[in-house]
Amino acid sequence: MSLKFSDPQDQQDRNLKSLVFLIATGLASLFLIGRLFWVQVVQYEENQRLSESNRIRRIVIKAERGYIYDRNGNLMVRNRPSYQVALMPYQLREGDSVFNRLLRLRDTTNTRLVDSSALDYVFQRGKWQKFRPLRILEDASDAQVAFIEERLDEFPGIITIVESRRDYPYGTMASHAFGYTGEISEDQLADSTYINEGYSFGDRIGQKGLEKEYENEFRGKNGVKYIEVNAYGKEIGVIPEMEHEMASQGNSMITTIDLNLQKVAEAAFPDSLKGGMVAINPKNGEILALVSSPRLDPNIFSLEKKSLAKQWASVALDSTQPLNNRAVSGTYPPGSVFKFVTASAALEYHVITQDTKYKACNGGFHFGNRYARCWTSRGHGRLSVIDALEQSCDVFFYQCGLDVGMERINEVGRRFGLGSKLGVDIPGEKPGLLMDSVTYNTRFKRLGWRWSRGQILNLSIGQGELVTPLQVAAYFGALASNKGLYQPHLMKEIRTPQGQVLKQYQIKKINDGHLKTENHQIIVEAMEQVVSGAHGTGGGAAVPGVRVGGKTGSAENPQGKKTHAWFVGVAPLNDPTICVAAVMENAGHGGVTAHAIGKVLRYYFLGDTSLSNAKLKAAAEAQGNGD
Amino acid sequence: MKDSNMQLVKEPHRLDWSLITVVALLMTIGIAMVYSATASDPVAWYKSFWFRQIIHFTIGWGFVVAILFSKPRLWYNIAYPFYFFTLLLLMFVLFVGGESSHGAGRWIGMGLFNIQPSEFAKIGYLLVLSRYLSNTSVSLERPFSFVIPGLLFVVPFLLVLKQPNLSTALVFSATTLVLFYWAGLRLPDMFLMLSPVFSVIAAMSQLAWGGLMTTVFVVIWRRKLPAFISASIIILNVAAGFGSFMVWNSILKEHQRSRILTFVNPLRDPKGAGYQVIQSKVTIGSGGVTGKGFGLGSQTNLAFLPEEHTDFIYSVLGEQFGMIGCSIVILLFWLLMLRGVNICQIHGHPFVNMMVVGSCTILFFHVFVNIAMTLGLAPVTGLPLPFLSYGGSFVMTSMILVGFLLLLRFKGEEI
């Protein structure tokens, strides 16, 4: 039935087909109208409600972080308001030039308010995250915020948000203990535990120190409010019938830090030197002061990204590593500070008595074909254990160490917390290292080194072990008190923002840390001789009227520069309440450090650091009766 | 011409003012909707979407007038050259590359105008298929009658599918089916030809596929087609059904299945693909029977509905004018069909008939798919609503089709 070109189609056929076409399109139209009826009449209420709720924006009110106080109630860490300018991507309109207009914004110095690549990133991200504010301008100045606020109509999709940021009014003071907060990282966000805890992009979270350790206490609980918004994201008003949930501020913390003592400690520790200092109360493990040098100003982490990046680069790339908390993470050979461990082990295992004297020190010691020097070539002669500790004679401890053996020395070291983490409540603590034949052989297997008894010579005078300043303070304090080793800690109390006590730190004895009474007496006498004896190496730590014990140490460092200078001081010796340990890198002899610790101890007992000799004497007489 | 139907048309050889009125009404509604959807844009009036749309319409009417000055024969004559030209354009965007809007390369930049070759292809394909089928009928009894129109169809179909522009590919399919019907394909036969496609979908459920196959058998038995055709249809159905079943259950991975299901039913993914559809449904639904009133749509004014002035313009109408306004627009489109198809009763020339029905099909297919999409019944494929959606390219296509309808009524005899 092929049609010729000129053949008209059969009229009836055309009419039928037209009718079919009209019926088909008519039915399709009726179908659509039926659907309209369903959506607009049957589901009207539901859709009406949904359309209402569209105008309502759920706003998360970020909780303010809890404050941190020192032990006397001085406010050490607080918050400040910080303004953010952000993009609400779903409010952007197709074809709108907000992007370009934002780029055109310049401040008074004619620099661009927003960086084009950063803005591009935000707009790209906005394609995926349409309903979350994405920050364009961080920590904006008041002037910038006012400028934007006045022009919200010109920038549909742009909003301003107030956040609170950490503020450290004392700057570097105890900054390594407090740590800092920072924006949650992509890695952290990829970790489901953070997501489950309710963190989201742009949140600030404790990244170091107490801020990190006690994040859950400080962060508080975010609140929610519902507000009506218009097309430009301008908040028209709160919606009264929707229930609000107020944000509750995080808990505050009373730390064990003593601000005044901390100030003295920071002042006593020279800025130019690297190292760490820890003051601890041996009776309960409270850390009274914690210094790590070079200092770090945690306020830089609250800066906006560009400044932060600059500052961050300067601290992160700094070869002196100011980010490193040397007080708990810095490991150094203990040097002569370790001799008290060797001596205690010798006494405890009855290898020596108070009166045992070894071969005289002529400035060195022959062991096999090796000649091990004493620190002074003049020699110390024949010494008892107390004198050997007072004068820090190496030759005595070479012989003593060989007699006792590393297993027994290390056993006593472990009693006082050396060689393992103490569990201080800030992250990053290092365990240090105690060395014996097994450890030595496994550790240096790759280098092909084998243990020999000659190693004992070095190890018994503290060259070869690794300790942190915190461990030294804890060990020496426990050794002096003989009442056990308490877990060092910085948290004293957790309180509600209103000041109600929620938690108190439960003091924890982590190790027996105990010597036989007669041995303890010998050790304490030796400690005292170091500071106040005629040949004592730690005279700088003396406090008039107070029985101070201590020990110097010079840790050889592998770089072969000047030795690291150790000092640890403890007082009062009859019932110690403070033990201060410090290491100063490449500062030479421990005597330097002793002076710094002396300042801390004098402040602690006398309330002054700059006493003249006359005043010192007067103070001594006033206080002296009891000792 | 002495048919009783002619009473409907007192003077056949004149401009169809009622069709012009229907189109003008739709355009007025369209401009009002584009205005209300974009009124809050802080731009000068002469840069605004509604003003630009008026310009598009003006140019569109220019096209109509130009077409009215032409002779129907001209379109018959240029059908093949025009068709091959559009194929070249399609290949140009596909292989040489055009500018991309929304990720799919569909545009060619021409400085002042951006042209979208797939829009030209709709016209070109309409012309060429109308011309071919006005000389040759098709029937399932003569399977080879489908070879040439099939080739004419497959080439542009694949080219736009590759862009990827599924919606335009579907426009070609709809046009083809209706014109085949006009060229002699019987409805049961059309069902049989389409049944393998149905099989692919029905394979999801054994019951549905069983029902489909029963129907296919009944139709085949009633039609008494040649045995090899009947057998081929059954084999194709079985192959399509099993193939689809195997691919769906064994080859596709869970996320691929999920993507297909989400494409068919965007409501499965309310935050992603379904967001626009849900917002659109809510927008229309919140209009109720009478609507919130012109300019009072909170959904549109508060910008919760993306693409509101283009693909989702119908939702803007629904919110502000409710079911009444929405139904009137549907009615206007159906009146357009009525006025169009009416030409087939005046003029008997197959080319005129094909062109008329094809134009009506293209327009109505857009109307149906677009509205179904805004109501959450169809995938978001990006088909605009004729005369209402903002956008230059498609306005031109629509106006050319309107021009054809007016021309063929005016001068249909002259061919």
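**Helix packing in chain B and two local sites in chain A**

Of the 415 residues of chain B, 48% count as buried, a residue being buried if 20 or more other C-beta atoms lie within 10 Å of its own, exposed if 12 or fewer, and partly exposed in between, with C-beta atoms placed from the backbone. This is a predicted model, in which local features need pLDDT of at least 70 and side-chain atom pairs count only at pLDDT 80 or more, while totals for chains, interfaces and linings use all residues. Residues are numbered from 1 along each chain as its sequence is written, with chains lettered from A and ligands numbered from 1 in the order in which they are written.

Chain B has 15 helices and three strands; helices (H or I, at least four residues) and strands (E, at least two) are DSSP runs, numbered from the N terminus. Among its contacts between residues at least 6 apart in sequence, 71% join residues at least 24 apart, where contact puts two C-beta atoms, placed from the backbone, within 7 Å. In chain A there are 23 helices and 21 strands, and buried residues make up 43% of its 627 residues. For chain A, 73% of the contacts with a separation of 6 or more come from residues 24 or more positions apart.

Now to H14(B), which takes in residues 350–374 of chain B. Its 25 residues should span 36 Å at 1.5 Å a residue, and the end C-alpha atoms are indeed 36 Å apart, so the two agree; the expected span is 1.5 Å times one less than the number of residues. Because 24 of the 25 residues are buried, H14(B) is largely enclosed by the rest of the structure. Just after this helix, B:Gly376 takes a positive phi of about 75°.

One partner of H14(B) is H6(B), residues 166–182, which packs against it at an angle of about 145°, with the axes 9 Å apart. Axes are lines fitted to C-alpha atoms, for helices over the stretch in contact, and angles run from 0 to 180 degrees between N-to-C directions. The crossing is right-handed, the near helix being turned clockwise from the far one by less than a right angle (anticlockwise would be left-handed). On the H6(B) side the contact includes B:Val171, B:Ala174, B:Val178 and B:Trp182, which meet a set on H14(B) including B:Met354, B:Gly358, B:Thr361 and B:Phe365. By class, this contact has nine nonpolar, four polar and no charged residues; Ala, Val, Leu, Ile, Met, Phe, Trp, Tyr, Cys and Pro count as nonpolar, Asp, Glu, Lys and Arg as charged, and the others, Gly among them, as polar.

H1(B) (residues 17–38) and H13(B) (residues 313–346) pack at about 160°, their axes 10 Å apart. These two helices are therefore roughly antiparallel, a label for angles over 145 degrees (under 35 is roughly parallel, 65 to 115 roughly perpendicular and the rest oblique). H1(B) passes H13(B) in a left-handed crossing. Among the residues in contact are B:Leu19, B:Leu26 and B:Met33 of H1(B), with B:Val316, B:Leu332 and B:Arg339 of H13(B). This contact has 15 nonpolar, three polar and one charged residues.

Over in chain A, H14(A) (residues 339–348) is mostly covered, with nine of its 10 residues buried, including A:Lys339 and A:Phe340. A:His350 follows this helix with a positive phi, near 55°. A:Gln487, in the loop between strands S15 and S16 of chain A, counts as partly exposed because it has 19 C-beta neighbours inside 10 Å. A:Gln487 and A:Leu422 lie 65 residues apart in sequence but 6.1 Å apart in space, C-alpha to C-alpha.
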